[in-house]
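Me: I am new to this structure and would like a close look at a single part of it, the surroundings of the ligand. Could you take me through that part slowly?

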Amino acid sequence: MAKTETILELQHVYKYFDDFTALDDINFTLDQGKFYSFLGPSGSGKTTILRTVSGLILADKGKVLFDGQDITNLPAEKRKVNTVFQNYALFPHLNVFDNVAFGLRLKKMAKSEIDDRVVAVLKVIQMDGYENRMISELSGGQQQRVAIARAIVNEPRLLLLDESLSALDQKLRQQMQYELRSLQQRLGITFLFVTHDQEEALAMSDEILVMNDGKIQQSGTPVDIYDEPINHFVANFIGASN
Ligand code: ADP
């Protein structure tokens, strides 16, 4: 079996907002090419971890290692990490192609390479043919796919998804869970998905990290978490579903 490689490691990471401890000694490692979920109630620190990993905010103590290199204080644009935000943050007045191409143009990439990359990525998310559609004309699921395309067109090694299915209705959510999981497997990149929806985390992940009060309370495969729910949040859910 191929050796699994660690892509991301957090060592004793702390984040404070004034005298409030939002991240309280966070330690974990993520392997290359797996689907991970951060699961926990609102306010438990999930988004703060993502922002610390993407570089939108910096850890106050501890280390963030990417591919073994210390990136704790590296600016966001120098990290090989991209984020899909909850509200997708698309430009409604631009068409699909221009939304996906936007970041590449900022990097002053050659037009022919931009065209090739955008066309290839739109195929991956099954939106080829939609290049000239305005974002406002798209369904919620299609907008979600464009947001993912805009992130993966940068060829990140790690994709962060912040509650990015929560705006969708139940049926579409289930479809997008399946699509995201199969996309992750086809691309082979690491996905780090933040959710407060236990069912979603159990259905999609290779591993789940359960958060509460700025700490990781438990981590393991969905089967581990289902079998031994030490966290009340998960226990309540499993109890409720039986
Ligand atoms: P989650 O994503 O699990 O809902 P967050 O990481 O967004 O939780 O927030 C964790 C805690 O940190 C919350 O209590 C939140 O109010 C606080 N927090 C997050 N960002 C800031 C900030 N920029 N300033 C002050 N407090 C913050």
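Reply: What follows describes the residues around the ligand and then the strands and helix that belong to the same picture. Please keep in mind that this is a predicted model. The residues that surround the ligand are Phe17, Phe20, Ala22, Pro41, Ser42, Gly43, Ser44, Gly45, Lys46, Thr47 and Thr48, and sorted by class this shell holds 4 nonpolar, 6 polar and 1 charged residues. Three of its members can be followed down to single atoms: a backbone N or O atom of Gly45 lies 3.0 Å from an oxygen atom of the ligand, an N or O atom in the side chain of Lys46 is 2.9 Å from a ligand oxygen atom, and a polar side-chain atom of Thr47 lies 2.7 Å from an oxygen atom of the ligand. Of the 560 Å² of accessible area that the ligand has on its own, the protein covers 60%. Two elements, strand S2 (20-31) and helix H1 (46-54), give two or more residues each to the shell, and the largest share, 3 residues, comes from H1.

Turning to the sheet, S2 belongs to an open sheet of 4 strands in the order S2-S1-S4-S5, with antiparallel pairing, in which S2 and strand S5 (69-70) are the edge strands, each pairing on one side only. Within this sheet, strand S1 (residues 6-17) runs antiparallel to strand S4 (residues 61-66) and is joined to S4 by 5 bridges; Leu10, for instance, has Val64 in S4 as its bridge partner. Helix H1, for its part, lies across S1, S2 and S4, and runs at about 65° to S2.

Technical notes:
Residues are numbered from 1 along each chain as its sequence is written. This is a predicted model: local features need pLDDT of at least 70, side-chain atom pairs count only at pLDDT 80 or more; totals for chains, interfaces and linings use all residues. Side-chain values use heavy atoms; hydrogens and water are left out. A residue is near a molecule or strand if one of its heavy atoms lies within 4 Å of it. A polar contact is a pair of N or O atoms within 3.5 Å; within protein, one must be able to donate a hydrogen and the other to accept it, and residues adjacent in sequence count only if both atoms are side-chain atoms. Accessible areas come from the Shrake-Rupley method with a 1.4 Å probe; for residues, only the protein chains shown count as cover. Ala, Val, Leu, Ile, Met, Phe, Trp, Tyr, Cys and Pro count as nonpolar, Asp, Glu, Lys and Arg as charged, and the others, Gly among them, as polar. Two strands pair if DSSP finds at least two bridges between them. Contact means heavy atoms within 4.5 Å. Axes are lines fitted to C-alpha atoms, for helices over the stretch in contact, and angles run from 0 to 180 degrees between N-to-C directions.
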